[in-house]
Amino acid sequence: QVQLVESGGGLAQAGGSLRLSCAASGRTAGGHAIGWFRQAPGKEREFAIAISWRGGSTYYADSVKGRFNISEDYAKNTVYLQMNSLKPEDTAVYYCAAGSARPGYGGAFYSQLRAYAYWGQGTQVTVSS
C-alpha cells in the first residue's frame, strides 16, 4: 500500500505560481510512477503531468506544457508540482497518484487514470482572473 498526501493548494492570481507537494508513505521503494491529475467542477478528471519515479521521464498534457514542472525529493519521498503562469482554467482539485512504473511504457499510458492504483485526497487550486 502507498499513501499519498497532497498539500500546497490555495488561491492564486492569473499569471502567478503555486507549488503543490505530494508526500508518499508506505511501500514506496522504487518502481513507481507519480502523476498529477486535476478535476474541475462538472468535468472529468484529466491528466496534467507525470514522472517515472527515479526514471527521469516526464510526460505533460498539452494544456500545461511550458508552464508546469514536476520534480522529486527522494530523501523526503515527495514529488512537487510547480505551476507557473497560472490561468483561471487551471482551477480544479489536483490529485497526485502513484502506479507501478512500467519499462517501455510512455506518456500514452501514464496519462490514463488506469495507470495508477493509489490516489491522494486532492487539494484545491483556484486561480482568479
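**Briefing: a buried salt-bridge network, a disulfide and a nonpolar core**

Both Asp90 and Arg67 are buried (buried means under 20% relative accessible area, exposed over 50%, partly exposed in between, with a 1.4 Å probe and protein chains only). Salt bridges that share partners join these two residues with Arg38 and Glu46 into one network. The model is predicted: local features need pLDDT of at least 70, side-chain atom pairs count only at pLDDT 80 or more, and totals for chains, interfaces and linings use all residues. Residues are numbered from 1 along each chain as its sequence is written, and side-chain values use heavy atoms, with hydrogens and water left out.

**Salt bridges**

- The whole structure holds 4 salt bridges, a salt bridge being a side-chain nitrogen of Lys or Arg within 4 Å of a carboxyl oxygen of Asp or Glu.
- In the bridge between Asp90 and Arg67, the closest N and O atoms are 2.7 Å apart. This pair links distant parts of the chain, 23 residues apart: Asp90 is in the loop between β8 and β9, and Arg67 is in the loop between β6 (58-60) and β7 (68-73). Strands (E, at least two residues) and helices (H or I, at least four) are DSSP runs, numbered from the N terminus.
- Asp90 also meets Arg38 in a salt bridge, at 2.8 Å from N to O. Here too the pair links distant parts of the chain, with Arg38 in strand β4 (residues 32-39) and the two positions 52 residues apart. Asp90 and Arg38 are both buried.
- Lys65 and Asp62 form a salt bridge through their side chains, at 3.4 Å from N to O. Lys65 is partly exposed, because its relative accessibility is 48%. Asp62 has a relative accessible area of 67% and so counts as exposed.

**Surroundings of Arg67**

- The relative accessible area of Arg67 is 10%, so this residue counts as buried.
- Leaving aside neighbours within four places in sequence, Arg67 is in contact (heavy atoms within 4.5 Å) with Gln82, Met83, Asn84, Ser85, Leu86, Lys87 and Asp90.

**Nonpolar core**

- The largest nonpolar core has 36 residues, and those with the most contacts inside it are Trp36, Phe68, Leu81, Met83 and Tyr94. Such a core is a set of buried Ala, Val, Leu, Ile, Met, Phe, Trp, Tyr and Cys residues joined through side-chain atoms within 4.5 Å.
- Not counting residues up to four places away in sequence, Met83 touches Gly16, Ser17, Leu18, Leu20, Arg67, Phe68, Tyr94 and Val125.

**Disulfide**

- The structure holds 1 disulfide, defined as a pair of cysteine sulfur atoms within 2.5 Å.
- Cys22 and Cys96 form this disulfide, with their sulfur atoms 2.1 Å apart. The pair links distant parts of the chain, 74 residues apart: Cys22 is in strand β3 (residues 18-26) and Cys96 in strand β9 (residues 92-100).
- The torsion about the S-S bond of Cys22 and Cys96 is about 65°, so the disulfide is right-handed.
- Cys22 is buried because its relative accessibility is 2%, and Cys96 is buried with a relative accessible area of 0%.

**Strand β1**

- Side chains alternate along strand β1 (residues 2-7): Val2, Leu4 and Glu6 point to one face and are buried, while Gln3, Val5 and Ser7 point to the other and are not.
- β1 pairs with β3 in the antiparallel sense over 6 bridges; two strands pair if DSSP finds at least two bridges between them.
- Gln3 has Ser25 as its bridge partner in β3.
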